[in-house]
Amino acid sequence: MDITQSNKGDNKICFEGYIMYTGSCTRKKNIWWKCSEKGSRYYRGSLSTTPDLDNPEPGPQPHNHAADHINVTYTKCRNLMRQQAASSLDKPSQIFAQAVANQDHAVQKRFPCEENTKRSL
Ligand SMILES: [Zn+2]
């Protein structure tokens, strides 16, 4: 399980190929995470963790779609680039080139054209 951040800085959890975010469903002992799969109004996947974001346990309802490990890697790479762009003096084009060069080809294909990505850093 990995923690990553959304564009707004909220925590997201990457777990077994699914990306989960917190809804407004924090219960007393556990945080409940919802699937972030877009375009699926009927997703059921959920995950609970402790408040320390530990001990992940899938909820009773399985995801209604396949895990997407490439998407998880891609999302984490995008977040890393954004953090580097915010904290270093490197040009976005350098950050982009370095980050993408380290990824598998399958992940590289997920990136939109370079110009779009640089502009969004
Ligand atoms: Zn899901």
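In which sense do β1 and strand β2 pair, and over how many bridges? Select β1 together with residues 11-15, which form β2, and you will find that the two pair in the antiparallel sense over four bridges; strands count as paired if DSSP finds at least two bridges between them.

Before going further, note that this is a predicted model, in which local features need pLDDT of at least 70 and side-chain atom pairs count only at pLDDT 80 or more, while totals for chains, interfaces and linings use all residues. Residues are numbered from 1 along each chain as its sequence is written.

**The whole chain**

Colour the chain by secondary structure, and four helices and six strands should appear, running from the N terminus in the order β-β-β-β-β-β-α-α-α-α. Helices (H or I, at least four residues) and strands (E, at least two) are DSSP runs, numbered from the N terminus.

**The sheet**

Now select the six strands, which make an open sheet in the order β1-β2-β3-β4-β5-β6 with antiparallel pairing. Its edge strands are β1, at residues 2-5, and β6, at residues 57-58, each of which pairs on one side only.

Return to β1 and pick isoleucine 3, whose bridge partner in β2 is isoleucine 13, and then aspartate 2, which stands opposite cysteine 14 in β2. Between β1 and β2, which form a hairpin, lie five residues, and in this turn glycine 9 has a positive phi of about 90°.

Moving on to the next pair, β2 and β3 run antiparallel and are joined by four bridges, with phenylalanine 15 opposite tyrosine 18 in β3. This hairpin has two residues between its strands, and glutamate 16 in the turn has a positive phi of about 50°.

**Glycine 17**

Stay in the loop between β2 and β3 and select glycine 17. Is glycine 17 buried or partly exposed? Glycine 17 is partly exposed, with 14 other C-beta atoms within 10 Å; a residue is buried if 20 or more other C-beta atoms lie within 10 Å of its own, exposed if 12 or fewer, and partly exposed in between, with C-beta atoms placed from the backbone. Leaving aside neighbours within four places in sequence, glycine 17 is in contact with Ala67, Asp68, His69 and Val72, where contact asks that C-beta atoms, placed from the backbone, lie within 7 Å. Asparagine 71 is 54 residues from glycine 17 in sequence, yet the C-alpha atoms of the two are 7.6 Å apart in space.

**The nonpolar core**

Next, select Ile13, Phe15, Tyr18, Ile19, Met20, Trp33, Cys35, Leu47 and Val72, the nine residues of the largest nonpolar core, a term for a set of buried Ala, Val, Leu, Ile, Met, Phe, Trp, Tyr and Cys residues joined through C-beta atoms within 7 Å. Two or more residues come from each of β2, β3 and β4 (31-35), and β3 gives the most, with three.

**The helices**

Finally, select helix α1 (residues 69-87) and helix α2 (residues 92-101), whose axes come within 10 Å and cross at roughly 150°; axes are lines fitted to C-alpha atoms, for helices over the stretch in contact, and angles run from 0 to 180 degrees between N-to-C directions. The two helices, α1 and α2, are therefore roughly antiparallel to each other, as angles over 145 degrees count as such. Where they meet, Cys77, Leu80, Met81, Gln84 and Ala85 in α1 face Pro92, Ile95, Phe96 and Ala99 in α2.

Technical notes:
Angles under 35 degrees count as roughly parallel, over 145 as roughly antiparallel, 65 to 115 as roughly perpendicular and the rest as oblique. Two residues are in contact if their C-beta atoms, placed from the backbone, lie within 7 Å.
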